[in-house]
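Hi,

Here is the structure I promised to pass on. Have a look at it first, and then read my notes below.

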Amino acid sequence: MSRLPIGYLTRKEHFSACHRLHSPQLNDEQNKEIYGKCNNFHGHGHNYIVEVTLRGPIDRATGMVMNISDLKVYMKKAIMETMDHKNIDKDVPYFKDIVSTTEHVAVFVWDGVKAQLPNPELMYEVKIYETENNIIRFRGEYTN
């Protein structure tokens with residue numbers, strides 16, 4: 001039996017949202033010192049770019065790692081319907097007690113997309129451009 005080639009499939013989405021970097025575990029002075037202008041009481045916004053990458057065998061019959069149309073649907077549900085044009089801190093329950101850093105947004109996207117995949121092992125990476133200069137990657141890794 002011959003081996004199947006491994007492919008990487010990436011889909012990109014754009015969404016706009018606002019948030020405030022403020023940790024309930026810190027006092028107001030500590031929050032202001034750590035997060036600076038991103039701790040503005042009224043928040044601030046971003047035009048995020050999110051890339052979700054799947055990694056897996058290229059199916060012999062379909063020639064695909066996964067149908068990209070299906071990935072589009074999963075990303076719409078996990079990203080666009082939950083965060084686009086929203087206040088992340090107030091409109092997304094996940095962030096009730098979690099600071100809405102882009103790192104945590106990446107974990108939220110990872111969990112949301114992965115939960116919908118028929119084959120969750122395909123999930124490889126979430127990459128978020130908060131700005132053109134600030135980029136976060138998450139690959140589902142955790143420390144002890």
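Let's begin with strand 4, residues 123-129, where 5 of the 7 residues are buried. Keep in mind as you read that this is a predicted model.

Strand 4 has partners to look for. Strand 2 (residues 44-57) runs antiparallel to strand 4, and 6 bridges join the two. One pair you can pick out is Leu54 with Met123 in strand 4. Strand 5 (residues 135-138) is also antiparallel to strand 4, this time with 4 bridges. A hairpin of 5 residues makes the connection from strand 4 to strand 5. Across that pairing, Ile128 is the bridge partner of Ile136, and Tyr129 stands opposite Ile135.

Which residues of strand 5 are on its covered face, and which on its uncovered one? Ile136 and Phe138 are on the covered face, while Ile135 and Arg137 make up the uncovered one. That fits a simple rule: in a regular strand, side chains alternate between the two faces of the sheet.

Now for the inside. The largest nonpolar core has 32 residues, and the members that touch the most others are Val52, Leu54, Ile79, Met83, Val109, Val113 and Val126. Strands 1 (6-19), 2, 4 and 5 each supply at least two residues of this core, and so do helix 2 and helix 4 (102-114). Helix 4 gives the largest share, 7 residues. As background, nonpolar side chains tend to be buried together in soluble globular proteins.

Leu54 is a good one to click on. Apart from neighbours within four places in sequence, Leu54 is in contact with ten or so names worth finding, including Gly7, Leu9, Val65, Leu71, Leu117 and Tyr124. Met123, the bridge partner of Leu54, is among those contacts too.

Two spots outside the core are also fun. At the start of helix 1 (residues 28-35), a side-chain oxygen of Asn27 comes within 3.0 Å of the backbone nitrogen of Glu29. After helix 1 comes Gly36, with a positive phi near 55°.

The other spot is His85, in the loop between helix 2 (68-83) and strand 3 (86-87). His85 has a positive phi of about 55° even though it is not a glycine. Most residues other than glycine have a negative phi. Is His85 buried or exposed? His85 is exposed, because its relative accessible area is 65% and the cut-off for exposed is over 50%.

Have fun exploring!

Technical notes:
Residues numbered from 1 in each chain as written. Predicted model: local features only at pLDDT ≥ 70, side-chain atom pairs only at ≥ 80, totals over all residues. Heavy atoms only, no water. Polar contact = N/O pair within 3.5 Å; in protein donor to acceptor, adjacent residues only side chain to side chain. Buried < 20%, exposed > 50% of the residue type's maximum accessible area, 1.4 Å probe, protein only. Pairing = 2+ DSSP bridges. Core = buried A, V, L, I, M, F, W, Y, C linked by side-chain atoms within 4.5 Å. Contact = heavy atoms within 4.5 Å.
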